[in-house]
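Biologist: Please show me the model. I want to ask how each label is earned.

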Amino acid sequence: MSQPTDSRTAFVTGITGQDGSYLAELLLAKGYEVHGLIRRASTFNTHRIDHLYRDPHEESRLHLHYGDLTDSSRLVSLLSEIAPDEVYHLAAQSHVRVSFDEPEFTGNTTGLGTIRLLEAIRMIGLEVRFYQASSSEMFGSTPPPQSEDTPFHPRSPYGVAKLYGYWATRNYREAYGMYAVNGILFNHESPRRGETFVTRKIARAAARIALGQESQVYLGNLDAVRDWGFAPEYVEGMWAMLQADEPSDYVLATGTAYTVEDFARLCFAHVGLDWTRHVRFDERYLRPTEVDALIGDPSKAADDLGWRPRTFTPELARIMVDAELSGLRGPAADVSPFPVLGVAGRSIAG
Ligand code: NAP
Ligand code: G4F
């Protein structure tokens, strides 16, 4: 790997999440100074980035700050202090099913959180490049393939909140000339995916069942079609969007379609099992309104940014099941695609 060369500063919200952790690695590998927003929790919530954390007495380019998307004054003070060159806004209540249970909270964090951040940047007068983590969930019931020109029809409080963030980002670009862009990302997964998203839930179950630790997994709608890519490749696309000459919105996707049932078949087949013997239905995992099919068209990102997916759903399923198996057999073996620091860390929030 080449030596880091960049000396820019990035501020990353959602740094403790799946994408935030890969993005922090990518930016540190490029030589950035990285500042991340973390929430105070009663238990440790930094396991995805602990390996990036050096002893505080050593020189480190990763800095973490307590804060919350609902706390405007904290966002203003942090941005004033850090004065970043780039802001990657990834934090959100990101679970679609949960957004039906907590619609107001989801609107407050996932929707209003974006405008709080944009408004903080505007008030301070920062010259930054701003990335908004928009979602294919905004397309909702509009049939595939979906591109940057496809009309939106969200089908969940989460999708509605993300649409607010999407338009806020476009509006600040148009109204104030900010370099503010939307990455409209289709589903992307990894061994670091939250345990309650369907790919991780299935991969985990297949591994545990293969090792005799459980026998069944309960799922909801098996017919939904998704376009599942590999998260580390998608954070490369986020970075590329902020390096373009002109700000614009981009879809990142693989352009391929698999059902939830397909994903279960792939994971269980990888450990030599028949999925039909282990998957059971539980209506609690159904949603009041479902998004039936998301299949993205990433041509604009390929043409303008040179971004292309390299990992497709069958390989993704194997990567995720293998990671679960090795985690169950020994110490967690989450191999970083951006090996830069490689320093085993103590816990950050401790
Ligand atoms: P994730 O793993 O659920 O991470 C969400 C992050 O947001 C976590 O760091 C979480 O902190 C933080 N967060 C939540 N509420 C917050 C609040 N009120 N204040 C501050 N931080 C808060 O999500 P992800 O999969 O990495 O996705 C990253 C972003 O892309 C999200 O905005 C998501 O909606 C969007 N997106 C994801 C996909 C996908 O397929 N993964 C596709 C399209 C768009 P804790 O660790 O403390 O919970
Ligand atoms: O893994 P999921 O929960 O992801 P979903 O709803 O597509 O949302 C993810 O992708 C969005 C991009 O389009 C992101 F914006 C969002 O933040 C999140 O990362 O569910 C995928 C599909 C759904 O159709 C769901 O109904 O799987 C179906 N499903 C079936 N059984 C299940 C289950 N989903 C979950 N989470 N758990 C189940 O047991």
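Modeller: Start with Thr-196: one of its backbone N or O atoms lies 2.9 Å from a nitrogen atom of ligand 2. This is a predicted model, where local features need pLDDT of at least 70, side-chain atom pairs count only at pLDDT 80 or more, and totals for chains, interfaces and linings use all residues. Residues are numbered from 1 along each chain as its sequence is written, chains are lettered from A and ligands numbered from 1 in written order, and side-chain values use heavy atoms, without hydrogens and water.

Biologist: What makes the Thr-196 pair with ligand 2 a polar contact?

Modeller: A polar contact is a pair of N or O atoms within 3.5 Å; within protein, one must be able to donate a hydrogen and the other to accept it, and residues adjacent in sequence count only if both atoms are side-chain atoms. The Thr-196 pair is at 2.9 Å, so it qualifies. Arg-193 puts a side-chain N or O atom 2.8 Å from an oxygen atom of ligand 2. Arg-226 does so too, at 2.8 Å.

Biologist: How much of ligand 2 does the protein bury?

Modeller: The protein buries 95% of the 710 Å² that ligand 2 exposes when taken alone. The areas come from the Shrake-Rupley method with a 1.4 Å probe; for residues, only the protein chains shown count as cover.

Biologist: And ligand 1: which polar side-chain atom lies 3.3 Å from its nitrogen atom?

Modeller: That atom belongs to Arg-193. A side-chain N or O atom of Tyr-158 is 2.5 Å from an oxygen atom of ligand 1. For Asn-45, the distance from a polar side-chain atom to a ligand 1 oxygen is 3.1 Å. Taken alone, ligand 1 exposes 900 Å², and the protein buries 90% of that.

Biologist: Which elements give two or more residues to the shell around ligand 1?

Modeller: Helix H1 (18-29), strand S5 (129-135) and helix H5 (157-176). S5 gives the most, three residues. Helices (H or I, at least four residues) and strands (E, at least two) are DSSP runs, numbered from the N terminus.

Biologist: How do you know that the span of H5 agrees with its expected value?

Modeller: The expected span is 1.5 Å times one less than the number of residues. H5 has 20 residues and should span 28 Å; its end C-alpha atoms are 28 Å apart, so the two agree.

Biologist: Why is Tyr-172 called buried?

Modeller: Buried means under 20% relative accessible area, exposed over 50%, partly exposed in between (1.4 Å probe, protein chains only). Tyr-172 is among the buried residues of H5, so its value is under 20%.
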